[in-house]
Amino acid sequence: REEGKPSPVTVVTAGRFEAEFAGRNRLKLLHGAPQARVASSSPGEGERISTSQELEVAFGQAGGISSIVQQGDVRYAEGARSASAEHARYAPATGELVLTGSPRFSEGAITTTAKLLRLNRRSGEASAEGEVKTTYLSTGGRSRDGLLTSGDPIHVTAATMTARTASGVARYRGAARLWQGANLIAAPSIEFDRERRTLVATAWESVGEGGRAPQPRAGSPASPRVSTVFLHTDHNRQTTPVTVTAARLRYGDNLRKAKFEGGVTLRGAQ
């Protein structure tokens, strides 16, 4: 509970409950099945609902809920957000919901799958681990003169992902690959801003002090590299692939401009 703010209300229902008590008749565990349902709401906020085949509610020493575990066809809905998995664990103290067992998370036109998904109800942050794949649908127009300007879906895969709903920025790390149609960007780290339609791809996964990434050294290409493949149409209207490798790439759809830095190499048909 935050100072000066009312506590959220959580209602748990199921076809049948079995309760386990500790000393002095303190409620310790509550098991519910079938048709388990958890609905939580706070003043001024929408209702959050999760359903499953069964659930287990653990209570703390003071009597409040310490955790809620749901299993079997878990479904979660919160406004434009929805998720599904085989197993879910929610901690009211932190507001974190952890999904495992083929988890899938959707928010508007964005869908993410992974081995593990974490959603924070308070901060709006989301993270994913293991075989991460995100698909952005209908995020562009129909132009073909930029890297990310067509109406095709944008796909991103990586080992991990972190995102914040408020900013619309997602960071993918670990053999990250972003592509739309035939255009492809591969790098150890890719930061994609879906609202501004910009991206930064770097040959390193971590940042240094002050949140700044290390600068590429002239004449000393980083390994592994940022690799970009896009289709180029010449004056004869012949389309051929062009590959550019570098230590860093910055791209913005508004200017249709890509800036490569650090031991840049460009290879084309000629």
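A salt bridge is taken here as a side-chain nitrogen of Lys or Arg within 4 Å of a carboxyl oxygen of Asp or Glu. I note at the outset that the model I consulted is predicted.

**Entry 1. Salt bridges**

I first looked up arginine 75 and found that it forms a salt bridge with aspartate 73. The closest N and O atoms of this pair are 3.0 Å apart, so the pair meets the 4 Å limit. I then looked up how open the two partners are. Arginine 75 has 46% relative accessibility and therefore counts as partly exposed. Aspartate 73, at 36%, also counts as partly exposed.

I next turned to lysine 115, whose side chain meets that of glutamate 131 in a salt bridge, with 3.7 Å from N to O. Lysine 115 lies in the loop between strand E11 (110–113) and strand E12 (116–120), and glutamate 131 lies in strand E13 (residues 125–136), so this pair ties together parts that are 16 residues apart in sequence. I asked whether lysine 115 and glutamate 131 are buried or exposed. Both residues are exposed.

I then recorded the salt bridge of arginine 118 with glutamate 129, in which the closest N and O atoms are 3.6 Å apart. Arginine 118 is in strand E12 and glutamate 129 in strand E13, eleven residues apart, and the pair links distant parts of the chain. Arginine 118 counts as partly exposed because its relative accessibility is 27%. Glutamate 129 is partly exposed as well, with a relative accessible area of 35%. I found that Glu96 joins these two: Glu96, Arg118 and Glu129 are linked in a network of salt bridges. A search of the whole structure gave me 14 salt bridges.

**Entry 2. Nonpolar cores**

I asked which residues of the largest nonpolar core touch the most other members. They are Leu99, Tyr136, Leu148, Tyr172, Leu178, Leu199 and Ala201, in a core of 39 residues. I followed tyrosine 172 further, leaving aside its neighbours within four places in sequence. Its contacts include Val132, Thr134 and Tyr136, and also Val156, Ala158, Thr160 and Met161. Pro188, Ser189 and Ile190 are in contact with tyrosine 172 too. I also noted a second, separate core of seven residues, among them Leu30, Ala36, Leu55 and Ile68.

**Entry 3. Strand E20 and its partners**

I looked up strand E20 (residues 248–252) and found four of its five residues buried, so the strand is largely enclosed by the rest of the structure. Strand E17 (residues 198–202) runs antiparallel to E20, and five bridges join the two. In this pairing, leucine 199 stands opposite tyrosine 251 of E20. Leucine 199 had already appeared in Entry 2 as a member of the largest nonpolar core.

Strand E21 (residues 257–261) is also joined to E20 by five bridges, again in an antiparallel arrangement. Here I found arginine 250 opposite lysine 259 in E21. E20 and E21 form a hairpin with four residues between the strands. In this hairpin, arginine 256 takes a positive phi near 55°.

**Entry 4. Threonine 245**

I closed with threonine 245, which is found in strand E19 (residues 239–246). I asked whether threonine 245 is buried or exposed. Its relative accessibility is 17%, and threonine 245 therefore counts as buried, the limit being under 20%. With neighbours within four places in sequence left aside, threonine 245 is in contact with Arg225, Val226 and Ser227, and with Gly263, Val264 and Thr265.

Definitions and conventions: Residues numbered from 1 in each chain as written. Predicted model: local features only at pLDDT ≥ 70, side-chain atom pairs only at ≥ 80, totals over all residues. Heavy atoms only, no water. Core = buried A, V, L, I, M, F, W, Y, C linked by side-chain atoms within 4.5 Å. Buried < 20%, exposed > 50% of the residue type's maximum accessible area, 1.4 Å probe, protein only. Contact = heavy atoms within 4.5 Å. Pairing = 2+ DSSP bridges.
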